[in-house]
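Visitor: Take me in for a close look at the charged side chains in this model, please. I'd like to know who pairs with whom and where the partners sit.

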Amino acid sequence: MDFCKDYPLPDWTSGFEHRKTLASQLPYEEYTGPLEKAASDTNDYKLIRLPNNLVVMCAQDATTESAAATLSVDVGANMDPVELQGLAHFLEHMLFMGTEKYPNEDEYKTYISQHGGTYNASTSYDKTKYYFGIANSSFEGALDRLSSFFTQPLFKKDCVDRELCAVDSEYKGLKNSDIWRSYTLEGKLSRPGHPRTKFMVGSLETLKQSAQDLGLDLHEELLKFYNKYYSSDIMKLVICGNYPLDQLVEWAVSKFSDVKSRGDNVQRDLEHPISAEFLGKAVFYETVNDKHTMDISFPVPDTKALYRHSPFDYISHFINHKGRDSLMAYLKRQRWATELSASVSTGTDAEFTVSISATPEGLEKYEDVLRGVFAYVQMLTSSGPQEWVQQEMSSIMRIGFDNKDKVGALRWVLGHTRIIHNKYVAPEHSLSKDEAYEKFNYDDIVHCLGFINPRNFRVFLGALKHKSIDCSEIEPYFKATYHVHCLSDDFLQELASDSLHFSGLSLPEQNECIPDDFSIKNANMLGDAAVLRPSLLKLNGNFELWFKQDDQFSSPKGVISLNIKGPTINSSPQNWIMSNLYCDMLNSELREDLFDYTRAGQEFWAMLGNLSVNMGVWGYNSKLPDLLAVVMEKAKSFKVDDALLSIHMAKYKQKYANIANIPPSQLCAVYKYYFVSASEWHHELLESELAKITPAKLQAHVDSLFDVTRIKMSMVGNFDEAEALSVADNVQAVFKPTPNLGYDLSRSREYKFEPGYYVYQAQVPNEGCVNSAVLSHIYCGPTADKREAAVLEILEALVHDSCFAQLRTKHQLGYKVGAASRSYPVGRSELVLRVEGESNPMYVTMHINRFIRDMQQRLAEISDEQFDDRVQSLVKAYLERVKNIKQEAGRYSIEVNTGVYDFGLHKSMAEILQSIAKEELLVFWNKYINPSTAPAYTRIDVQMWSTKIWRPTVSDFKEYSAKTLALYGCLHSEGNDAMDMDKVDAFIATAIAVRQEQPDVGSDAEALLAELKSATLSESGAVYAEGKSKERATHTSTALELIVKDHETFGNYADFSRTNFATIGMDKTPDGLWIMADYKKLQATQEMYGSDLPVEVFVPKYSS
């Protein structure tokens, strides 16, 4: 049965009527039938079709200060020419490079970020999406810029090489991603010639080199692809904002009607990529990270047309069950797995996949795991489809749909683009799609169950290493090593036999935890006038109760959260690991015990803060007190299971080992947090302590964990005070909080580094990683100073845009480039500049320093309009109302748990922002960020060096300036490995001296470069840049030019530091930088920030 051929397409003709926009009188068609939407949905909608056949969903959200749009094209890498793989992705990049109306390459990105927005794009197998979110007042400008991508793109030729490098850099950054490695390997092991076999990302080799080899003009091929596939007929637009629907329609019609209609030229009638020759196989492949994964894939028919009764959702309902006697519970008891999920994809390459996070033992015994899976499927098949199950699923989905929480504009548009791309979805279901099941179809379920059989699957087994398996074959793009093993016919027959019966496996019974009370306790909903703070109901030395009844959402939901502080939670590395193990094991057991609750729309959690255990429940309020009681009793009486402990200890061992494989810029951030936080333990220390933990030791830790506690409780939502007081009594009865005056008020603390420029540099542990990274953290004042924090927020977007344009777009230093502000809960605010790419970190730092100098002038030249736009976008973001009870409770919990209680923070920040003058930006910059003017310049750079490039030794840092090391690194990357660094150093000194005496001499970069080569290269190193990229040669030329012409960029930072850290083993560079070795020794010499004071004193409503 081919469902998509057997089911008729819905009527998208008769329900539409011709209309004209009010202002411009432009034609379009509007759907006039009913749109099924949630009972709780207060938005208004219009579904329209433009004359060029582009379908648009317009949403008016009268409660939002933000707006968003996404345009998706129903084509992706599937239509890449075989000879130019990655072309669709390259096209996505090139569309950002200017349009006829907005020719500036950075116009779209700059406009959005300076108006408080965010943007991105993505290319998948069969879709390409472009989207943004922005302040509501700036929506039209952003929408106009987006529309011009599809009506008048420039595709500038002089951007081709640069964006090819960006695509290649993105590809190289993904090469260590196990997700991409497995996805690409699955494609390789597919039907020859099928689009699924193509390399999606693209690289210099598959695009530029391939085009050159074939005599193709890549720019022309790009235009051909765009003109063939970028058709309005296969585009969908979703927009959302706080504007009248007629205005949203006006913009959609006027800006997107000029997108050309070229028909649908995408090849869609394809055979399934997994042909018979690839079934019955076990594919062993080696991962980058230490992990054990098992993905069982069944090729299945496309069921897009069955969205209102989805038979594969019925099957997933059972396999995804995690309660007692479920498949997951069985695998966990055998110590074979820790997680399991089942899902189905749609399209001509549809698969039903059972994904298992296995243990090492489980992966070795993969055949036994398969026996368990197929035994469960047999049980499901034998029982036959049960209508009550479908009715229960429908009831849960309908409850969820009718009580759906409002979300932000960007999240909403991204979710609904997927819905309206399904041509089988009737227009009346454009908002609801699969939110409810309309009917029970016995035959369709039986038919789909027939595909989940032992003759119709393959399994992918991923691990760092496989015992007794020689993974000698290599996937060409991500270099994943693998081996394909044919499963024996005897084994497949066994899986299909009726003898697969295991004790402890059964199908779930009816769910008794589905909520049925949706009454609203507060009849007086205030909307915009809602009270934006909780009340303190109880307070004593060891317990606080904060309460807020819902007065704005009219939702039958709530949140109860507990912040439980105790002195042993994080008092040592070993205690920290044991506290983590306790929370993870507790959650694991609770997931099994309380699965019916979670399936019915409730959530629970037990997780660690730095110095606390945080517990809570969220969902339909009528069920929450009972759910919390179960969580608390289990938490207090928890007994360590030896088998479960061994599984979770293995997971933590993998976690600590895998830190070595995270991207270099993330690794920089990890190390920076080690430096500044007094309560963060190094992962290598945690890994060594992990081995010392025993079941008895963990049990003793758990038994004493809550002996001394201070509890802060928050209860927000559809509750009344009597319920809050009752639940609070139960919390105190279970945990019996006992004060310890020496500990109660302690907070997570950060180190206050004295002025100076500190550098930590290390090797990227992953030898296969080609990228290095630099994160520069510049101190920008105490977090508690709201005015300075507001100035930094204004600066953030301005700095990010300039940083991206200068360091990524212009100088191509890497794919991951940007700037952000960071504030620690108790401590400092800072500006963070990030670059990750193939360039050596000293060369990157040179550009960062130049950028800091140049940014001062840009700030002086910023227009009043730019400044006002940025300020107003931040003001509106702060005044944006929370969307639902969960968001509201989260906001209050932050203030309660930190002890600052600044419930009016968002309003006060908005007021401060509006009072800031433009001139304050430059004052702030010179006070903290400009090293030439900052009185107490404080900066920490974390550098991660790839093993693929030359890295200076400690002696090199001590002896040579940053200028010399940067230039030497550039020369070395070109293949000049026989240089004399002393000669490079001497040449720089001479060139700068000549330049200072005679400014006109040495202005020719090429002449300087030739002189440098002559002066520094030995005969054995005389081959210059042979076989190396032009880009690397350009880096050398740029470095030399910066050094000679702009030598003032390299300041001396010695004057900022008043302490001689050499006595604790730190080394000082000729430029006055301190090179950190043992950061713990440095921490021991530094002060710490104190806790922020509460903003006001609260008096409890009830006495204890």
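**Charged pairs up close**

Guide: Let's start with Asp144, which is buried because its relative accessible area is 12%, and the cut-off for buried is under 20%. Keep in mind that this is a predicted model. Asp144 has a partner in Lys101: the two form a salt bridge, with 2.7 Å between the closest N and O atoms. Follow the chain and you'll see that this pair links distant parts, 43 residues apart. Asp144 belongs to helix α4 (residues 139–151), while Lys101 is in the loop between α2 (87–94) and α3 (107–114).

That's one of 61 salt bridges in the structure. Another joins the side chains of Arg19 and Glu30, at 3.6 Å from N to O. Here Arg19 is in strand β1 (residues 16–20) and Glu30 in strand β2 (residues 27–31), so the salt bridge ties together parts that are eleven residues apart in sequence. The two ends don't get the same label: Glu30 counts as buried at 11% relative accessibility, whereas Arg19, at 30%, counts as partly exposed.

For a longer reach along the chain, go to Glu1096 and Arg533. Their closest N and O atoms are 3.1 Å apart, in a salt bridge that links parts 563 residues apart. Glu1096 is in the segment after β30 (1087–1088), and Arg533 is in the loop between α17 (489–496) and β16 (535–540). Glu1096 counts as partly exposed, with a relative accessibility of 33%, and Arg533 gets that label too, at 32%.

Some salt bridges share partners, and that's how Arg324, Lys332, Glu589, Glu592, Asp593 and Lys634 end up in one network. Hold on to Lys332 and Glu592 from that network, since both also turn up in the lining of the second largest cavity. Nine cavities of 30 Å³ or more are counted here, and the second largest has a volume of about 70 Å³. Its lining is made up of Lys322, Met328, Ala329, Lys332, Thr338, Glu339, Ser588, Arg591 and Glu592. Three elements give two or more residues each to that lining: α11 (327–333), β11 (337–344) and α18 (573–593). Sort the lining by class and you get five charged residues, two polar and two nonpolar.

One more acidic side chain deserves a stop. Glu880 sits in the loop between α28 (864–879) and α29 (885–898), and at 13% relative accessibility it counts as buried. Its side chain meets that of Lys883 in a polar contact of 2.6 Å. Leaving out residues up to four places away in sequence, Glu880 touches Thr63, Thr64, Glu65, Ser66 and Arg891.

To finish, here's an uncharged side chain to set beside the charged ones: Ser169, in helix α5 (residues 160–174). Ser169 counts as buried, with 12% relative accessibility. The side chain of Ser169 reaches the backbone nitrogen of Tyr815, at a distance of 3.3 Å. Not counting residues up to four places away in sequence, Ser169 touches Gly814 and Tyr815.

Methods. Residues numbered from 1 in each chain as written. Predicted model: local features only at pLDDT ≥ 70, side-chain atom pairs only at ≥ 80, totals over all residues. Heavy atoms only, no water. 1 Å grid on protein atoms, 1.4 Å probe; cavity = no way out; pocket = protein on both sides within 12 Å on 5 of 7 lines; lining within 4 Å. Points joined across faces, edges and corners; volume = space filled by probe spheres on them. Helix = DSSP H or I, 4+ residues; strand = E, 2+ residues; numbered from the N terminus. Nonpolar A, V, L, I, M, F, W, Y, C, P; charged D, E, K, R; others polar. Salt bridge = Lys/Arg side-chain N within 4 Å of Asp/Glu carboxyl O. Buried < 20%, exposed > 50% of the residue type's maximum accessible area, 1.4 Å probe, protein only. Polar contact = N/O pair within 3.5 Å; in protein donor to acceptor, adjacent residues only side chain to side chain. Contact = heavy atoms within 4.5 Å.
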